[in-house]
Amino acid sequence: MPSTSAGLTRNGAGTVAVVIWCLALTTGPSLAVPTDGPWLGEEEPVTVLGPLRPQASEADPKWPQPGIEKTSEIRSQAEANLLTEDATQNPTENELSDDTTTSGNTTGNPSAFRAGANGTADQPEEGMQEHATDPEMRLPGNMRPLHYVIKLQPFVNGNASVQGSMEVELEVLEPAENITLHSDKMQSDMNAVRLVDSDNKKVWIKSIYIDYRQQFLVLNLNSTLEANKRYNLSMSFNYYLLAEPKGVFKTQFKDRAGMLSAVASTLLQPVYARRAFPCFDEPGLKATFDIHIARETHMTAISNMPLLDTTAMEGQDGWVIDRFNTTVPMSTYQVAFVVSELEYLNCTLQRDVQIRVWARPEFLANTAYAQTLVPHLFKYLEDYLGIPYPLPKLDIVTLPSAFPIAFEAWGLIMNYKEDTILYDPATSSLAHKRMLATLLAHELAHQWFGNLVTPFWWTDFWLSEGFASYFATLALRQVEPSWEVEERMVVKTLQEVFRHDALLNHPAVRISTFDLNEPHGAFSRISYQKGESILRMMNAFLTEASFKKGIVNFLLAHKYKTATTDDLWHHLTTAAHQDGTLPGNMTVKMVMDTWTLQVGYPVVTVSRSPDGTAANVSQKLYLARGHFDRGEALDQKWWIPLTHTSKGEADFNRTQDVTWMKDSEESIAVTSLPPKDQWVIFNLRETGYYRVNYDDHNWNLLIRQLRDDHSAISVENQAQMADDAMNLGVAGELSFKVVLDLINALKNTSELNGLVVVSNIEYMNLMMSSTPVYEEFQRFLLSLLAPLYANLGLSDGAPETFEPHAEYPKLVRWACEFGLPDCVARAKSVYKQLMMKPENSSLIPEELKSTVLCTAIARGGPDEWAFAWSRYLKSRGEEKDKYLVALGCTTNSSIRDQYILETLGKSHYLPVTEAIHVLDSLGSHPLGGPTGWSFLQNHWDVVTNTIGEQYFFIKTLLEMATKSFNTEEQRVKVQEFLDGHVDETAKTQVCDPVISQTERNVAWMKRNYDVIAQWLGENGFSDLNI
Ligand SMILES: [Zn+2]
């Protein structure tokens, strides 16, 4: 049983953090907080959370090992979550089991069971099964919460338990015979559940039913709750602090005296409020909250709202209770608190809102930039939207942990990766400063988009993430005007999501269903990056004024409430019609449904007439190389805002001057273009979410312009041409002569254009790597990359280390892979240092680790490989994967054989996901692919016997091993082997994708190899020395 006394991790003489509130915020109105509820259940019988049963995962079969039986079970993630990092402070699995023997009914039985009011288990009651059919596991919707009182006491320095109580005032909307609310990973005290009506008259609870699958707690009542009446429900509960931010969790750091200092904090989005307190955990069910946090006196508690008062805890020396002001109406996932010994440096006032940035004391000096920046961002957002931030304070906390996320709790922005918002002008890079500012601007924008107006359900959460991302760009464009924020957004956001969206395996912007088992699916890059991109597109075609009017009206109409995507369309349409910026027979919904409900995006092809003055403009789904099968089945078209300019006008700002192509039109005629000796450009400043292709003549006019004076074309459109041309070339839609001419013309123009090239090399390199002109190809690319690499500022001084430079890992990767001497020397040097100090994990910046390891192994010998192998065996998680992949970079054939023998051929019992890494790594190198392929052929029976009918894994292993195969001879060999070894039932799922991958590679080579080889020769790369 969890102890209720605090076991301090530091001695009593430890430093007591004194935190003084900036102004007197404790003078707000005193709120009626019920005092008769149990406070942490001192006299109440408390049952204990049981362990979850480990579950074998079907999705991760082990690599086959003949003669070795599968004995180990895979520990479930859920179970792992329960075990905090400091095992000495927490009950072990066995201790928990002992406790649950006495409580009797919480051993993690995956099937639902019912506990009677006397605490005995029973079979599910009839009628309760109705929940099981709800695919999204929604609450019944027959009542809504109005106000919660939440009291929590986290024993963060003790046994890591949390004791709590919850009281909620409900309004019944339809007569109800039960109350269904959410509860997960906690033990509620069934004997202490109380329900009273508005006259304080008790309502008897017949039984309590727990549905683990849907995370429901259901109270069956003896009487019917009446519609339009209010009731008060209260209960107490306990649970353990988790080890990761999926609920209330614990993290810790060593303070300056070397003592451990613990932190309890929260991340309740999307579905983890139910792990903090029983509640109606859906974003649409907003309520107000009174939050009370018990803490030890040497710690500080902060929450969404300012502190109201602090009182001593009766009977618990050294503990006090912090009571916070009542919140504004908000969703359950917004609730947040931090109990810690973190501090803040100073308090800035923006308008009358107090802003503080919290960090551990030794890092406070590095919060200065965030502290200075936030008020400017804040002011921009308030001025633009004309809607004041409604809370009296905003705390920004950087937690001593390494989870790469941040969260926008209302009034309490949380950053879970400690160094992210810290900035040291002496050592931090500009890239880090940009990332920090973008993150803060994003979370700040959420205070309006997501917090003030919340998407009604998770399927619409692009509204929250897309807007936060877009307004971060707008705010930073204003606050840091020298950063070229919008130009970078085009390359870093729009073009990046283009590459992913083209695979057609991501959801649409509005996801069709929310899966409780994979709740983070609502937060894919599509919600963020495509969401931001299509908002920018709307801003362009509606005009800034109409866009702004529609957005502000949308916020005003839905503030403190929820909204759907259609609500947004309604307000934008109204504004656009009022302003005359959208034809009266068109609506924003009509246009935007084609962008938010369909996956992928179009490529627009512009074919000019012989005299140039007209063009046939057509649309079709853009299909990236390798995704024809998936895309050909989709008959999709879009409402496309066509914008254009020409050499004579060169006006790139007329983004609202739109010709619409309807979703019923395959092509339209565009007239009034200039004569054929002048170029035209479509999709001005790449504001539209589509690619553009031209006839060769127009491409060549554009290339000539770039050679003569690239500044005549907007920065965004230069980047657009590079990105579109390279992707259209790889997809087989554009001649590589044009592609290479174009990127060669952009050489030395700007860093951004260089980044575009770097981001699109992968497939071309894979195809060219086994050809006789690979050296020439590398020389050409190095001629593009070397100036950019030099700009990194790495070339001065001894080549011992790499500077961390967040935006350039790809550039460094290719510079090293193509053998740029400085890059290779640095990689080898830093690897040598690592070999001498293997435990020094900070020697190589994380984002460059794969490059350093791969370069050192590829250009090293047996010693370098053996060192990496020993590190692979000792490391875990992502680190282990990086070593596993890097080991395959070797260019030594006998070491390569050893690699495959040690990983796949011996008794390491490799999970299939790691086997895929091995074959992926081998397949990425021209000499490695055949090694992996031979292994698969020679061990086919044992591979397929073990993996069984999970064809996806077999297909993926084959795809990885053969991904560089691009000759007819290789295609025939793959075909013959699969024909002889795969039966009919698996043919479509295994053989067809693998064969068609090779067929596409062969076709690509036939179409492009001669063109590329000739171009390299004609342009002098046969004998150029870098
Ligand atoms: Zn966000």
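These are my notebook entries on three places that I looked up in this structure, which is a predicted model.

**Entry on the zinc site.** I began with the zinc ion and looked for its protein donors, which are His-442 through NE2, His-446 through NE2 and Glu-465 through OE, lying 2.0 to 2.1 Å from the ion. Reading along the sequence, I noted that the donor residues are spaced H-x3-H-x18-E. I then placed two of these donors: His-446 lies in the loop between α4 (430-445) and β23 (453-455), while Glu-465 belongs to helix α5 (residues 462-479), so the pair ties together parts that are 19 residues apart in sequence. When I checked accessibility, I found that His-446 and Glu-465 are both buried.

**Entry on Lys-379.** Next I turned to Lys-379, which I found in helix α3 (residues 368-385). Is this residue buried, partly exposed or exposed? Lys-379 has a relative accessibility of 41%, and because that value falls between 20% and 50% it counts as partly exposed. Its side chain is joined to that of Asp-383 by a polar contact of 2.7 Å. I also looked up Arg-351, which is 28 residues away from Lys-379 along the chain, and the C-alpha atoms of the two are separated by 8.3 Å.

**Entry on a helix pair.** Last I examined helix α24 (residues 912-923) and helix α27 (residues 951-961), which pack at an angle of about 20° with their axes 7 Å apart. Because that angle is under 35 degrees, I recorded α24 and α27 as roughly parallel to each other. The crossing of α24 past α27 is left-handed. The contact involves several residues, including Val-912, Ile-916 and Leu-919 of α24 and Phe-953, Leu-957 and Met-960 of α27.

Technical notes: Residues are numbered from 1 along each chain as its sequence is written. This is a predicted model: local features need pLDDT of at least 70, side-chain atom pairs count only at pLDDT 80 or more; totals for chains, interfaces and linings use all residues. Side-chain values use heavy atoms; hydrogens and water are left out. Helices (H or I, at least four residues) and strands (E, at least two) are DSSP runs, numbered from the N terminus. Buried means under 20% relative accessible area, exposed over 50%, partly exposed in between (1.4 Å probe, protein chains only). A polar contact is a pair of N or O atoms within 3.5 Å; within protein, one must be able to donate a hydrogen and the other to accept it, and residues adjacent in sequence count only if both atoms are side-chain atoms. Donors are N, O and S atoms within 2.8 Å of the metal (3.2 Å for Na, K and Ca); water is not among the atoms, so sites may look incomplete. Axes are lines fitted to C-alpha atoms, for helices over the stretch in contact, and angles run from 0 to 180 degrees between N-to-C directions. Angles under 35 degrees count as roughly parallel, over 145 as roughly antiparallel, 65 to 115 as roughly perpendicular and the rest as oblique. A crossing is left-handed if the near helix is turned anticlockwise from the far one by less than a right angle, and right-handed if clockwise. Contact means heavy atoms within 4.5 Å.
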